[in-house]
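The following note is offered to a colleague who will examine this structure at the bench. The points are numbered for ease of reply.

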Amino acid sequence: MRRSIVAGNWKMNGNLEVNAELIAGILKEKSSAQGIEVLVCPPAIYVAQVSGLLEGSDIGVGAQNASAFESGAFTGEVSLPMLADFAVRYVIVGHSERRALFAESDGQVAEKARAVLLAGMTPIVCVGETLEEREAGGTLEVVSRQLRAVCDGLDADQLAGMVVAYEPVWAIGTGRTATPEQAQEVHAALRALIAEADGKAGLEVRILYGGSVNAENAAQLFDKPDIDGGLVGGASLKAKDFIAICSAAA
Ligand code: PEP
């Protein structure tokens, strides 16, 4: 039995005041979403603030990105040990915005995912196709290539311990969600790919859907057998909507 996860990706939004209000709202509403893992991923500069606000709660803190290097001459980067100092347990790697806007390659995403696992944290590995790739019939080929790059060289425990997020690029921030059937098809293929490497890991690995998830469409998506929760962008910035999505996964 896989425990569902709902993770809020705040992207580059928020400030001290807005974050405090959002966390207060989430903590107030949270009782309707028992039994699942809930986490929020603020911008790196606010990780310390949000970790402090969530201390003593069962809501986790994730980072949106991290360096694969431990320390040194990497101006502007944030390392995994730095994030661990502030109770970060999850790190999103390979978000499509990082791949498209910051030219992160499959190889770099794989290095980051490995570094996160070696640091004893959980990578949320994002994969997803563009609209052109989907329309050309290349969806499964693209997401399989992206996931294979990460899985190569991981042992069974590492495969089972990571979290995968299927996020079709055309659905992110567009209001256009994949249908539950479209998402399920890809999730099943991603699970099969991991099961090829290790059958038990295939059963255990959690695969989230992301891309315009909202309070109205979440339940239908999470109802599918291979969808274990969601990675939520825009709708994670409103406490009521975010908790409604979490409740749909509970
Ligand atoms: C995301 O940023 O990972 C995401 C899925 O965004 P949105 O929910 O806004 O589409």
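1. Which of the 14 residues around the ligand come nearest? They are Ile172, Gly173, Gly210, Gly233 and Gly234. By character, the shell around the ligand comprises five nonpolar, seven polar and two charged residues.

2. Please bear in mind that this is a predicted model. The average pLDDT of the chain is 97, and 100% of the residues score at least 70. For the complex, the predictor reports an ipTM of 0.98 together with a pTM of 0.97.

3. Turning to the interior, the largest nonpolar core contains 76 residues. Ala7, Val91, Ile124, Val125, Val164 and Tyr166 are those with the most contacts inside this core.

4. Tyr166 merits a separate entry. Leaving aside residues up to four places away in sequence, Tyr166 touches Val127, Gly128, Val143, Ala183, Val186, His187, Leu190, Ile207 and Tyr209.

5. Where is Gly14 found? Gly14 lies in the loop that runs between strand E1 (5-9) and helix H1 (16-29). Is this loop residue buried or exposed? Gly14 counts as buried because it has 20 C-beta neighbours inside 10 Å, and 20 or more is the cut-off for that class.

6. The surroundings of Gly14 can be specified further. When residues up to four places away in sequence are not counted, Gly14 touches Asn19, Pro42, Pro43 and Tyr46. Of these contacts, Tyr46 is 32 residues from Gly14 in sequence, and the C-alpha to C-alpha separation of the pair is 8.6 Å.

Notes. Residues numbered from 1 in each chain as written. Predicted model: local features only at pLDDT ≥ 70, side-chain atom pairs only at ≥ 80, totals over all residues. Core = buried A, V, L, I, M, F, W, Y, C linked by C-beta atoms within 7 Å. Buried ≥ 20, exposed ≤ 12 C-beta atoms within 10 Å, placed from the backbone. Contact = placed C-beta atoms within 7 Å. Near = placed C-beta within 6 Å. Nonpolar A, V, L, I, M, F, W, Y, C, P; charged D, E, K, R; others polar. pLDDT = per-residue confidence, 0-100. Helix = DSSP H or I, 4+ residues; strand = E, 2+ residues; numbered from the N terminus.
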